[in-house]
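Biologist: I would like a close look at a single part of this protein, set in the context of the whole chain. Please take it step by step.

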Amino acid sequence: MQRCTQVLYNLIMNALKFTTQGEVSVGSRHNPRLGTVEVSVTDTGIGISPAHLERIFEPFEQEDDSEKRAFGGVGLGLSISREIIQKHGGKIQVKSVAGKGS
């Protein structure tokens with residue numbers, strides 16, 4: 001349970017950190033047939049350019065150096081979250097449009 005809380009914390013805090021105006025939404029959906037739960041965190045923040053989508057799950061990565069200075073953090077939250085999710089047999093995905101949110 002503690003690891004699930006850590007993943008949710010990382011995802012929600014990232015959404016809040018990169019959304020200065022607009023909203024952050026958290027939702028979930030249970031699929032009893034598959035025995036799965038899908039959790040989504042959606043924001044209207046700065047978004048991510050397509051060229052950087054896969055990189056955000058690498059340790060110490062953010063989209064660019066200016067974001068590290070502006071928003072802080074070392075870029076470990078999404079990497080840790082991906083590892084936890086994969087160890088539990090799940091997967092993490094991101095969809096984003098630069099300037100419109102994730």
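Does Val39 count as buried, partly exposed or exposed, and why?

Modeller: This is a predicted model, and what follows should be read with that in mind. Val39 counts as partly exposed, because its relative accessibility is 44%, and partly exposed covers the range between under 20% for buried and over 50% for exposed. Val39 lies in strand S2, which spans residues 36-43. On the surface, Val39 joins Leu8, Val26 and Val37 in a nonpolar patch, and together these four residues have about 330 Å² of accessible area.

The surroundings of Val39 begin with the strand pairing. Strand S1, residues 24-31, pairs with S2 in the antiparallel sense, and eight bridges join the two strands. Val37, another member of the patch, is the bridge partner in S2 of His30. The two strands form a hairpin with four residues between them, and in the turn Gly35 has a positive phi of about 70°.

Turning to the whole protein, the secondary structure consists of three helices and two strands, and along the sequence these elements follow the pattern α-β-β-α-α. The protein has 102 residues, of which 25% count as buried, and its exposed area is about 7200 Å², with 54% supplied by carbon and sulfur atoms. Among contacts with a separation of 6 or more, 52% are between residues 24 or more positions apart.

Terms used. Residues numbered from 1 in each chain as written. Predicted model: local features only at pLDDT ≥ 70, side-chain atom pairs only at ≥ 80, totals over all residues. Heavy atoms only, no water. Patch = residues over 30% accessible without salt bridge, like charges linked within 9 Å, V, L, I, M, F, W, Y side chains within 5 Å. Areas by Shrake-Rupley, 256 points an atom, 1.4 Å probe, with all protein chains shown as cover. Salt bridge = Lys/Arg side-chain N within 4 Å of Asp/Glu carboxyl O. Buried < 20%, exposed > 50% of the residue type's maximum accessible area, 1.4 Å probe, protein only. Contact = heavy atoms within 4.5 Å. Pairing = 2+ DSSP bridges.
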